[in-house]
Amino acid sequence: MKFPGLWAFVVLAVAAFGAASAHSGQRALSQPSGNPSQVTFNRDIAPIMFRSCAQCHRPGEAAPFSLLTYSDAKRHARQIADVTESRAMPPWLPEPQKLKFADELRLSDEEINLIKRWVEQGAEEGAAADLPPLPKFVEGWRLGKPDLILTASKPLVLPPQGTDTYWNFIFPIPIQKTRWVKAIEIRPGDKRYVHHANILVDRSGASRAREAEPGAGFGGMEIRIESQVFDPDSHLLFWKPGTVPYVEPDGMALRLDKGTDLILNTHLQPSGKPEVIQPSIGIYFTPHPATKFPMLLQMENDLKLDIPPGEKNFVVGDDFTLPVDVELLAIYPHAHYLGKDIQAFATLPDGTKKTLIHIPHWNLNWQAVYRYAEPVLLPKGTTVSMRYVYDNSEENPLNPNHPPARVVGGNRSTDEMCHLWLQVLPVNFDPAQGDPRMALQEALSRHTVETNPADFEAHYNLAAMLQAKNDLVGAIKEYEVAVRLRPQDATGNNALGAALVAAGQGEKAVRYLEAAMKVRPDYFDAHYNLGMALAGQNDFEGAAQQFQLASKLQPGDANAEANLGAALAEMGRFAQAEAHFERALQIDPNQPIAKENLDALKKEMAGH
Amino acid sequence: MGFWGRGMRCGLRWSFLLLLTAAVAVWGQTALDLDGHAANPLAGHSDKAVVLIFLRRDCPVSGRYAPVIQQISKQYAGSANFWLVDPDKRDSAQDLRSYLADYNYHLPALRDPDHALARLSHVQITPEVAVFNRNRQLVYDGRIDNWYVDLTRARPAPTTHELEDALRAVSDGKSVTPAEVRGVGCYISDLE
C-alpha cells in the first residue's frame, strides 16, 4: 500500500561562511608604522580585505574582481568606500542581535570608517613591512577529494539577457545501499552568475518526472516533493557566494538511500553574454549513521498574502507554539521581491522575548541560511513568531509590476512568499513517547489548519501525519476536507482512497481512486490502490487489470508484480500467477507476499 | 585644464573642435583605436549625433548592459554613431577585442588610457554614456536608464530611458532634460 504524504516543500540548505579564509592577518593597528593618522592599505585596509572580502574577491570565486593586492583595491577604492558605507558589502542582511550567528560577515563601524578615511586620504599603499601575509586559501574541493563527485549531465545555457532564471539540476545518486553523508560541497557552475543554490532531497523520484528527458533539468523557483512515509527533511544544504562546505555535527549525518535524487535548485542572473552553467556536487560519506534527528519546521502564511497595489506596509505574521523542547540550530527566512522588513522572535514560557533574526532591508539576491553560533534552547511552550512586512508600492524599486498590481502568494518570482524554516533538534524527550518530530509536525499541521481552514496542503499534511500514527479515522476525516477543497487533485483523491482501503472501506475508496486516475491516467499509486480496493471486494479480474496497468507504469515494482500474481492465483490462473511471483522475486528476493504465495502455489499445484 | 570644463557644453563650434583635437594630440592625451592609432570620435563632419559608451571590463554592470547597448545602437544607427570607450589603461587592444567578441558587440571601440574622452564627456561611472549633438556639443551624460538601483539591486526592467530620450530629443532638435543623471556601476576615477 502506498501512502504518499505531501510534505510541503522544504528547502534544504547549508550556509557557512568564511572558514576557508584563514585568518592570517589580524588587524595590525596595534603596531603602527609611519604616520599613524595616515590610513594605509598595507597596515589598515589589507587585514579587512583579507578577512571579510577575499573569500569571494579572488580568482575563481563569485566576485567580479579580486581584492588581494594594493593595486586590486586601489582600482576599486571609491567603490569599496561606497558599498561598505551603505553596508551593501560584504553581503550580510541581519541586524546585530544578542543571539550570535556563526561566521557573521559584518564590518564594524570602525572598519567602515577606516576604509572611508583611506580613500579620502588618497588610498595610499603604505610601508611594505606593514602588509600581512596573504590568506591561505584551499584550492579545489575544500574538504579534500570527495568520496563521490557528480556533475550535471546537461549544462544550462544562460541567455545573455532577460530576467533572473531559476533552474533545477537533478543528480541521481549511484549507490546500492543506504549511505550517510557528513558534508556536500556544491560547485554551482560559474560562481559569478549563480546567486544561490539549494539542495533538496527527493526520495520519491517525483522531480525526474518533471524533466523533458532524463538529465535535462527543469525550470522553476520552488519544488514540491511528495514523501511516502514520515521522513521529514532535516538538513539545510545551501550555497551562496563565499560558502564553504558545512560539515554536519557528529551524529547528524544525512541519509541517502538507493534511488534518492538530489535536486540542485539554482538562482541565476544573466551576465550580458551567454554563460554555460554546469554544476557539480562533491559528497563526503561517513561510516557513522545519524543518532540525532533534526527537523526542518516550515512556518508559512502564504494564504494571507493578498497585497493591494500601492500598499507600502503589508504585514503578515504567524505564531506557532512548540509542543516539545528543541534546540534551534539554524534559520532561513524567505520572501520574494516585495519583502521589506523580516523578523522572527521567540517568546519563552517565562515571558522572555528573544530576537531570532531581524532583516530590516530584505534582499532576495542575498538570501541565506543563518546558523547560530550556539544552539538556542527553546523549551516546550515557546511561541515562535514571524512578522514580515511587504512593500507593493512604486517606491519599492524591485516591485515586479510597474505600475504595481495585486500580488498573492505563489511559487513564481512575481508571486510573493512568507516562509520561515527553522532547523530544530528535539531535546529532553522520552523516546518511549514516540518520535518527537511527529509531535512537532502534527502540532504544526494542526496550527496551519486552524489558521488557514481552506488550506488544502495543511489538511493533507495533517491527514498524512495522522495516518503515519495509524489514526485512520482522523486521517480519513482530514483527507475528506482536503478533497472537498480540491476535488480535482489526484494526490488528494488517491490518498483518501488509500486510507479508506487501509480502513477496510474499499467500496467507498473506488470513486476517489477513479477520480485520481481521471486526472492522472498514468498515476501508478492510484492503479495500485484501486487494485487493492477491488481485490478486497473479491473482484480479482478488476484487481488483476489494475495491477497489470500499475506494473506497466513502473515495471520494476515488486509489490505490483506480487499482487498481480495473487489476483491471478485467486482466479485459478496458476501458471500466470507463478510467472509474476517469480518476476517479483527477481526484483526483490525478499518480497514477502511473492515468497509466501509462491510456496503456497507450488503446494497447490503439486496437490492437483 | 579649464578648457575641458563644463563650459564646453554650450556653444562649442566644430571649427573649435579641430583646435581641441590638436591640443589633445600635443599633450599626448588621446584615445586610441584597436590598432593603436590616435582616434577622435568627435572629429569630422556628420549629420549624426555621437554617443560614447564607457565600460570597464571588470565591471559586472557594464557586462549586463551589453545586449541593451547593442539594441539601442542598432535602433538608432540612422541618427547616431556609437563608440565603446574603455578608460582602463591596463587593458591592451587584445583584451578589449576579446571582450567585444565575448559580449557579441558589433560596435567600434576605443581605448582611453588617459581619460581624455572621459573628461570631455563628464562621465564618472561605467556604464555611462555621453551624447554629442551634430555640432559636437555635449547634450547628455550619465546613465543609460534606471535599471540598477544600486550595486546589488536591479529593477526587473528599467522604468526610465535617459539615453533613448536624449537621442530622440537630439533628432527632434530639442534640448535634453535632465542633461545629466549619474549612473550605478564602477568609478572611472578609481582607475587613475
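# A guided tour of chains A and B

Begin at the end of helix H3 of chain A and select Arg87(A), which follows that helix and has a positive phi, near 60°. The model you have open is a predicted one, and every value on this tour is computed from its atoms.

**Helix H3 of chain A**

Step back from Arg87(A) and select helix H3 itself, residues 77–85 of chain A, where the buried residues are Ala77(A), Gln79(A), Ile80(A), Ala81(A) and Thr84(A). An α-helix has 3.6 residues a turn, so residues three or four places apart point the same way. What should be displayed next to see the cover over these buried residues of H3(A)? The cover includes helix H2 (70–74) and helix H4 (109–120) of chain A, and strand S12 (186–187) of chain B is also part of it.

**The contact between the chains**

Since a strand of chain B has now come into view, select the whole contact between the two chains, to which chain A gives 24 residues and chain B gives 23 residues. Colouring the chain A side by residue class shows eleven nonpolar, ten polar and three charged residues.

**Gly183 of chain B**

Stay with chain B and select Gly183(B), which sits in the loop that joins strand S11 (180–181) to S12 of chain B. Is Gly183(B) buried or exposed? Gly183(B) counts as buried because it has 24 C-beta neighbours inside 10 Å, where the cut-off for a buried residue is 20 or more. Apart from neighbours within four places in sequence, the residues in contact with Gly183(B) are Ile125(B), Pro127(B), Glu128(B), Gly142(B) and Arg143(B). A distance label drawn between the C-alpha atoms of Gly183(B) and Asn146(B) should read 7.8 Å, although the two residues lie 37 residues apart along the chain.

Zooming out to the whole of chain B, you will find six helices and twelve strands, and 42% of its 192 residues are buried. Among contacts in chain B with a separation of 6 or more, 72% join residues 24 or more positions apart.

**Chain A as a whole**

Now show chain A alone, which holds 14 helices and 21 strands. Its C-alpha atoms fill a box of roughly 105 × 50 × 50 Å along the principal axes, and its radius of gyration of 28 Å agrees with the value near 25 Å that a compact globule of 608 residues would have. Of the residues in chain A, 47% count as buried, and residues 24 or more positions apart supply 75% of the contacts with a separation of 6 or more.

Colour chain A by domain, using the bounds 41–130 for domain 1, 148–286 for domain 2, 295–428 for domain 3 and 456–607 for domain 4. Then select domain 2 and domain 3 of chain A, whose centres, taken over C-alpha atoms, are 24 Å apart. In the contact between them, 13 residues of domain 2 of chain A meet twelve residues of domain 3 of chain A, and the domain 2 side is made up of five nonpolar, four polar and four charged residues.

**The open sheet of chain A**

Select strands S12, S21, S15 and S18 of chain A, which in that order form an open sheet with antiparallel pairing. Which strands are at the edges? They are strand S12 (295–300) and strand S18 (370–378) of chain A, each of which pairs on one side only, and the twist from one strand to the next averages 30°. Within this sheet, strand S15 (residues 326–334) and strand S21 (residues 419–426) of chain A pair over eight bridges, with Leu328(A) standing opposite Val424(A) in S21(A). Add helix H5 (residues 436–451) of chain A, which lies across S12 and S21 of chain A and runs at about 5° to S12(A).

**Strand S19 of chain A**

For the last stop, select strand S19, residues 383–390 of chain A, whose covered face carries Val384(A), Met386(A), Tyr388(A) and Tyr390(A), while Thr383(A), Ser385(A), Arg387(A) and Val389(A) are on the uncovered face. In a regular strand the side chains alternate between the two faces of the sheet. Strand S14 (residues 314–321) of chain A pairs with S19(A) in the antiparallel sense over eight bridges, and here Val316(A) has Tyr388(A) as its bridge partner. Strand S16 (residues 339–347) of chain A also pairs with S19(A) in the antiparallel sense over eight bridges, and Ala344(A) stands opposite Met386(A).

Technical notes:
Residues are numbered from 1 along each chain as its sequence is written. Chains are lettered from A and ligands numbered from 1 in the order in which they are written. This is a predicted model: local features need pLDDT of at least 70, side-chain atom pairs count only at pLDDT 80 or more; totals for chains, interfaces and linings use all residues. Two strands pair if DSSP finds at least two bridges between them. Helices (H or I, at least four residues) and strands (E, at least two) are DSSP runs, numbered from the N terminus. Axes are lines fitted to C-alpha atoms, for helices over the stretch in contact, and angles run from 0 to 180 degrees between N-to-C directions. Two residues are in contact if their C-beta atoms, placed from the backbone, lie within 7 Å. Domain bounds come from an automatic or database domain assignment. Ala, Val, Leu, Ile, Met, Phe, Trp, Tyr, Cys and Pro count as nonpolar, Asp, Glu, Lys and Arg as charged, and the others, Gly among them, as polar. A residue is buried if 20 or more other C-beta atoms lie within 10 Å of its own, exposed if 12 or fewer, and partly exposed in between; C-beta atoms are placed from the backbone. The radius of gyration is taken over C-alpha atoms; the globule rule is 2.2 Å times the number of residues to the power 0.38.
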